[in-house]
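The following exercises concern a predicted model. Please work through each task before reading its solution.

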Amino acid sequence: MSDFKSSARSAVAAMREVFPATPLQLNAHLSQRFGADIWLKREDLTPVRSYKLRGALNAMRKKRAEAPDQRIFVCASAGNHAQGVAFMCKHFDVQGVIFMPVTTPQQKIFKTQIFGGDNVEIRLVGDYFDDTLAAAKVYCTEAGAVFLSPFDDEDVIEGQAAVAVEVEDQLGRVPDHIILPVGGGGLSSGVRSYFGEASRYTFVEPSGAASLAAAVEAGHPVTLNQLDGFVDGAAVARIGDLTFARLADVSADDVIAASEDRICATMMEMLNVEGIVLEPAGALAVDALSDVADQIRGKTVVCVVSGGNFDFERLPEVKERAQRFSGVKKYFILRMPQRPGALRDFLETLGPEDDIARFEYLKKSARNFGSVLIGIETAHAENFDALFERIEQAGMTFTDITNDETLGEFVL
C-alpha cells in the first residue's frame, strides 16, 4: 500500500470518531436510464452536508499533532469550507476565526455560527472573496494563527481522499468509472491519487468556472478572466497548484463543462424524482452522466454528490433556469396592434397546454403597435413551434429573448 493510501485510511479512522461513513446508494432511476449500475456517494449527508468536513478535520488534526498548543485556526470561505472548519473547531475545542465576504447570505452565516458555537468568530470583510482572503492571511500573520486552505493543501487533499476509501470499502472494489465535481481540485485530486489507474475518471466543472480545463490546456494553473458564481461550491477562478500537480496528466477529453442551466434541470429532477436536495455543485457529477452515456453503459459508476447546502430562497431561480433549459418556458417580445380585441386575438393563439407566466404591457399614445413582454410555460417544448406558427398566422410578430443574456439581465 502506498504512503498516500495508508495516510488516507488513517484519516478515515480519525473521521469515524467524529461522524459515520456517508452512504453509497445504488440509484434505480439513473441506472435504468443509462443502462449502468449508478451509485451515488452521498456527501450531502455528512453533519455539515458536504465533503468539506473531511479536509478540515484531517488538516486540523495533523496541525494540532505538530503543535498541540496551537489554539487559533483561520479560514476564508463563504460556504461549505467555513461550515466544516466551524464544526471541527467545536469538536477539537479550539478557536476559529472565519472570514466571510460582506455579501455572504445570512443563512450561510447563521449555519456556520451554529456549527461552531462559541468556538468561532465570524468576521465579514470585503465585497469580493479576494479581499476576504487577504484579510484572513493578514490576521494569521498578526495573531500567529494557522490558515486552513479550502483545497490547496496536502493534508486537505489527503482528507478528501477519504471519499475514495469509503467507496472502495462499501462497494467491495474500485468502481469502473467515477465522476467527480471540480472546483479547486481538492476532492478530485485526492480521489484520483487514491484510486490511481484502477478506475476511469470524468471531471466535471461548471462552464462559467472551468479552471481545470484552462489549466490542462495551458499546462499549468491559470486565473480565469471571468467567473460565473452561480455554482458557488465549485466556482473557483484558479485551480490549486498542489491539486493540479496531481491532475496535470488528465486528458482534456475527460474534463467536462456543464452549463449552469442544465445543472438546474438536474437539481430539479433529483428533487422531484428522488427527493434529494442538492446544491448546484452537488449536482455536477449526476449532471455529467448524459455526457458519458456511451462510456458507462454496462459499467459500475460512482457519482460523488458533493453537497446539499441549498438555500431554498434560490429555488425559484433554479426552477426558472431549468424550465428555460428544457425548453418548456420562453420569453418573447410581442408586437401587438393597439386596438380593441387585439389581446383576445392573441389569447386565442394559445394551445390547451400553454400558460401565461408573465405579461407586461403599457398602452402608448399615438402608436399603432405596442410591445408586450410575455412569458409562456407549456407542458412540452415542441408546443412552442405550433404556438409561434399560430401567432404569425394572426399577423403578429415577435422576438424570442429567452436566451438573450443582455436583455434577460434587465427584464427577466
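**Exercise 1.** In which helix is the place of E158? Determine also whether E158 is buried or exposed, and identify the side chain that a polar contact joins to that of E158.

*Solution.*
1. E158 belongs to helix α7, which spans residues 154-160.
2. The relative accessible area of E158 is 7%. Buried means under 20%, so E158 is classed as buried.
3. The side chain of E158 is joined to that of N58 by a polar contact of 3.0 Å.
4. Leaving aside residues up to four places away in sequence, E158 touches N58 together with F4, S7, A8, R61 and K62.

**Exercise 2.** Establish the strand order of the open sheet of four strands, and state which strands are its edge strands.

*Solution.*
1. The order is β12-β13-β11-β14, and the pairing is antiparallel.
2. β12 (355-360) and β14 (397-400) each pair on one side only, and these are the edge strands.
3. From one strand to the next, the twist averages 30°.
4. Five bridges connect β12 with β13 (residues 369-377) in the antiparallel sense. Within this sheet, D355 has E377 in β13 as its bridge partner.

**Exercise 3.** Describe how helices α15 and α17 are placed with respect to β11.

*Solution.*
1. Helix α15 (residues 315-326) lies across β11 (329-337) and β13, and runs at about 75° to β11.
2. Helix α17 (residues 383-393) packs on the sheet, where β11, β13 and β14 are touched by this helix.
3. The direction of α17 makes about 5° with that of β11.

Key. Residues numbered from 1 in each chain as written. Predicted model: local features only at pLDDT ≥ 70, side-chain atom pairs only at ≥ 80, totals over all residues. Heavy atoms only, no water. Helix = DSSP H or I, 4+ residues; strand = E, 2+ residues; numbered from the N terminus. Buried < 20%, exposed > 50% of the residue type's maximum accessible area, 1.4 Å probe, protein only. Polar contact = N/O pair within 3.5 Å; in protein donor to acceptor, adjacent residues only side chain to side chain. Contact = heavy atoms within 4.5 Å. Pairing = 2+ DSSP bridges. Axes fitted to C-alpha atoms, helices over the stretch in contact; angles between N-to-C directions.
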